Amino acid sequence: MQVLLAQPRGFCAGVIRAIEIVERALEKYGAPVYVRHEIVHNKHVVDSLKAKGARFIAELSEAPAGAVTIFSAHGVARVVEQEAEIRGLKVLNATCPLVTKVHIQGKNYVSAGREVILIGHAGHPEVEGTMGQIDGPVHLVQTEDDVDALPLAIDTPVSYVTQTTLSVDETRGIIAALQRRFTNIVGPNTKDICYATQNRQTAVRELCERVDVLLVVGATNSSNSNRLREIGSEMGLPSYLVADGSEVNQEWVRGKARIGITAGASAPERMVEDVIEALRRIDTVEVTLMDGIEETIQFRLPSELTKDEPVAARHAVAG
């Protein structure tokens with residue numbers, strides 16, 4: 001069988017930065033360091049960091065007072081930041097800079113006297129963090145029908161921001177519905193949508209035109225990974241989300257000449273390789289990398305991890 005790999009796929013700059021923050025914190029301060037929620041939505045990444053000494057916690061109360069604590073790439077509400085300050089935690093913020101940009105946009109809109117509408121998925125950590133960062137009411141919409149149900153007059157000064165893991169394609173219809181509904185509306189340029197989400201979705205659409213079945217490497221709780229699988233299904237392809245090679249069912253690929261593989265933004269490349277190895281146990285495999293965008297974006301690490309400072313006291317507290 002021929003295996004075609006989407007380009008780009010897998011880790012984005014925000015995920016790379018978040019993982020490196022945890023690894024550098026462990027090197028500098030020693031184990032354990034405490035990470036609030038999954039640093040990114042991928043079990044293999046989380047398990048790897050656990051093995052190095054990271055402890056993942058649901059609430060800050062699980063971290064000892066004064067401990068080194070890391071916020072995940074999805075961002076947190078201000079009340080979480082305030083709790084960390086009250087408890088004297090040494091915080092390293094791994095929030096993706098693109099998520100932070102959305103927080104800033106929302107705050108600026110509120111300062112300008114506008115109601116804020118957030119396009120996103122209810123319950124997603126990024127959505128909860130964004131809603132908790134913006135002073136004043138935030139109206140969450142997930143569909144065009146939600147726009148019609150908003151309890152706002154048509155001449156209300158409104159603004160909108162979006163969950164970063166949604167693409168331009170996913171938000172276009174909702175933004176159009178908002179613009180039809182309200183006479184005084186502003187929002188960010190579409191270029192502010194997460195580059196990684198858009199690039200991976202564009203690549204998977206091109207991939208789907210050339211293959212017989214699509215395998216998406218990623219976690220079931222990863223929004224962007226699920227969306228990649230949905231795109232394959234929408235294009236009429238048998239499409240499956242797998243965490244690694246152990247989840248590949250040979251019946252999915254039996255008799256298929258061309259297998260497409262992509263990976264969500266939080267899926268490590270070694271899991272893509274694991275899926276390819278699983279296919280090799282089924283049949284002879286020829287791997288081809290599709291042409292696509294080469295991403296070169298990098299995000300800076302927190303200054304605490306790029307400069308020298310005394311760490312002996314930190315070891316005494318965190319250990």
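Here are some questions and answers about a few residues in this predicted model. Residues are numbered from 1 along each chain as its sequence is written. Local features need pLDDT of at least 70, side-chain atom pairs count only at pLDDT 80 or more, totals for chains, interfaces and linings use all residues, and side-chain values use heavy atoms, leaving out hydrogens and water.

Q: Why is His41 called buried?
A: Buried means under 20% relative accessible area, exposed over 50%, and partly exposed in between (1.4 Å probe, protein chains only). His41 has 10% relative accessibility, so it counts as buried.

Q: What makes the link between the side chain of His41 and the backbone oxygen of Asn221 a polar contact?
A: A polar contact is a pair of N or O atoms within 3.5 Å; within protein, one must be able to donate a hydrogen and the other to accept it, and residues adjacent in sequence count only if both atoms are side-chain atoms. Here the side chain of His41 reaches that oxygen at 2.9 Å.

Q: Which residues does Cys96 touch, leaving aside those up to four places away in sequence?
A: Cys96 touches Gly14, Ala73 and Phe299, where contact means heavy atoms within 4.5 Å.

Q: Why is Cys12 called buried?
A: Cys12 has a relative accessible area of 10%, so it is buried.

Q: Why does Cys96 get that label, buried, too?
A: The relative accessible area of Cys96 is 12%, so Cys96 is buried.
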